[in-house]
Amino acid sequence: MSRLTGHSVAPLARLALTLGLLGPVAASAETETASYLEPLPSPIVTKASAASRSAGLGGGQCLAEVARRKLGVTRWRGPAAGVASPVRVTGPIAGVRFVTPGRKSPYGILDCRLALALADLAEVLKRHDVVEVQVDNMYRPHAHLPGKKKPSQHSYGLAIDMTRLKRADGHELVVERDFQGALGEPVCGAGARPELESDALQLRDLICDVARSGSFHHILTPNHDAAHRNHFHLDIARGARQRMID
Ligand SMILES: [Zn+2]
């Protein structure tokens with residue numbers, strides 16, 4: 001794994017950025033990783049961002065896109081109230097294995113549009129040598145935000161809770177054990193905790209690179225609240241105006 005202290009953006013890309021030709025997503029070099037202490041791009045969501053492109057697709061468009069990209073998901077025709085285009089994971093997604101709850105559990109169902117975001121996520125995971133993800137749940141029927149009436153993105157199959165990440169060398173990064181978080185601390189950027197052990201450092205670099213990729217609107221870590229002490233929550237939300245990682 002190559003770990004750089006910062007982005008290395010080619011001169012032409014830098015010029016394009018200066019001229020405003022490329023959005024913040026393109027600002028992170030596609031093949032490299034950055035330190036979690038590097039600043040994140042603007043949280044303002046543009047319609048052209050990866051997350052908003054995925055979230056804005058219609059069901060038919062999305063199913064055609066996952067077929068074209070040969071993503072390992074299969075249409076689910078069982079019950080999934082609230083999920084616009086339900087699918088289940090049946091194979092690798094962009095080369096990464098997402099280990100999901102089995103066919104008897106609704107937690108293994110996801111909306112097709114989340115599958116596209118997972119394909120974007122897989123590209124970041126591979127840059128960090130991660131080949132397998134343990135998924136606690138995606139679709140949770142009627143899930144609400146804690147203490148609120150507002151539905152959680154899980155109720156639409158548009159959110160994923162990941163508990164463990166396995167590297168190509170077999171080593172596992174366990175969010176609950178290895179994240180070294182603290183409630184209320186910034187996750188990424190100059191205000192984040194400066195000293196981390198190696199597994200914590202890798203988890204932190206990885207999740208901050210996911211934030212940089214713009215593939216999700218909301219990312220919650222153990223720093224967010226006690227309910228997230230053991231997983232990363234990532235979701236896409238049609239109409240989201242701001243990205244957040246907390
Ligand atoms: Zn969640």
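# Close-up views of a predicted protein model

The protein chain has seven helices and 10 strands in its secondary structure. Keep in mind as you look around that this is a predicted model. Of the 246 residues in the chain, 42% are buried. Among contacts with a separation of 6 or more, 67% link residues that are 24 or more positions apart. The legends below take you through the chain one close-up at a time.

**View 1. Helix α5 and the largest nonpolar core.** Let's start with the helix that gives the most to this core. The largest nonpolar core holds 57 residues, and I93, L114, A115, L118, I207, V210 and I219 are the ones that touch the most other members. Helix α5 (residues 112-127) is the biggest giver, with 11 residues in this core. In soluble globular proteins, nonpolar side chains tend to be buried together. Is α5 largely enclosed or largely open? It is largely enclosed by the rest of the structure, because 13 of its 16 residues are buried. You can also check the length of α5 yourself: at 1.5 Å a residue, its 16 residues should span 22 Å, and the end C-alpha atoms are 24 Å apart, which agrees.

**View 2. The loop residue D129.** Just beyond α5 comes D129, with a positive phi near 65 degrees. D129 sits in the loop that links α5 to β5. Most residues other than glycine have a negative phi. D129 is not a glycine, yet its phi is positive, at about 65 degrees. Is D129 buried, exposed or partly exposed? It counts as partly exposed, because it has 16 C-beta neighbours inside 10 Å, and a buried residue would need 20 or more.

**View 3. V135 in strand β5.** Follow the chain onward and you meet V135, which belongs to strand β5 (residues 130-137). V135 is buried because 20 other C-beta atoms lie within 10 Å, and 20 or more is what a buried residue needs. Which residues does V135 touch, leaving out those up to four places away in sequence? They are F98, V99, T100, I160, D161 and M162. V135 and L165 are 30 residues apart in sequence, but their C-alpha atoms are 9.2 Å apart in space.

**View 4. The loop residue H142.** Here is another residue with a positive phi to look for. H142 lies in the loop between β5 and β6. Its phi is near 60 degrees, a positive value in a residue that is not glycine. H142 is exposed because it has 10 other C-beta atoms within 10 Å, and 12 or fewer makes a residue exposed.

**View 5. Strand β9 and its two partners.** Strand β9 (residues 232-235) has residues pointing in opposite ways: F232 and L234 point one way, H233 and D235 the other, and all are buried. Strand β6 (residues 159-167) runs antiparallel to β9, and four bridges join the two. Strand β8 (residues 218-220) also pairs with β9 in the antiparallel sense, over three bridges. Try finding L234 in both pairings. In β6, I160 has L234 as its bridge partner, while I219 stands opposite L234 as well.

**View 6. Helix α7, a mostly covered helix.** Helix α7 (residues 198-213) offers another length check: at 1.5 Å a residue, its 16 residues should span 22 Å, and its end C-alpha atoms are 22 Å apart, which agrees. Is α7 mostly covered or mostly open? It is mostly covered, with 12 of its 16 residues buried. Among the buried residues of α7 are Q202, L206, V210 and S213. Right after α7 comes G214, with a positive phi of about 70 degrees.

**View 7. V210 and A211, neighbours in α7.** Finish by zooming in on two buried residues of α7, V210 and A211. Leaving out residues up to four places away in sequence, V210 touches L121, V124, S215, F216, I219 and L234. With the same kind of residues left out, A211 touches L40, C188, I219 and I245. I219 therefore appears in both contact lists, where a contact means C-beta atoms within 7 Å. A211 is buried because 26 other C-beta atoms lie within 10 Å. A211 and M244 are 33 residues apart in sequence, while their C-alpha atoms are 7.9 Å apart in space.

Technical notes:
Residues numbered from 1 in each chain as written. Predicted model: local features only at pLDDT ≥ 70, side-chain atom pairs only at ≥ 80, totals over all residues. Contact = placed C-beta atoms within 7 Å. Pairing = 2+ DSSP bridges. Core = buried A, V, L, I, M, F, W, Y, C linked by C-beta atoms within 7 Å. Expected span 1.5 Å × (residues − 1).
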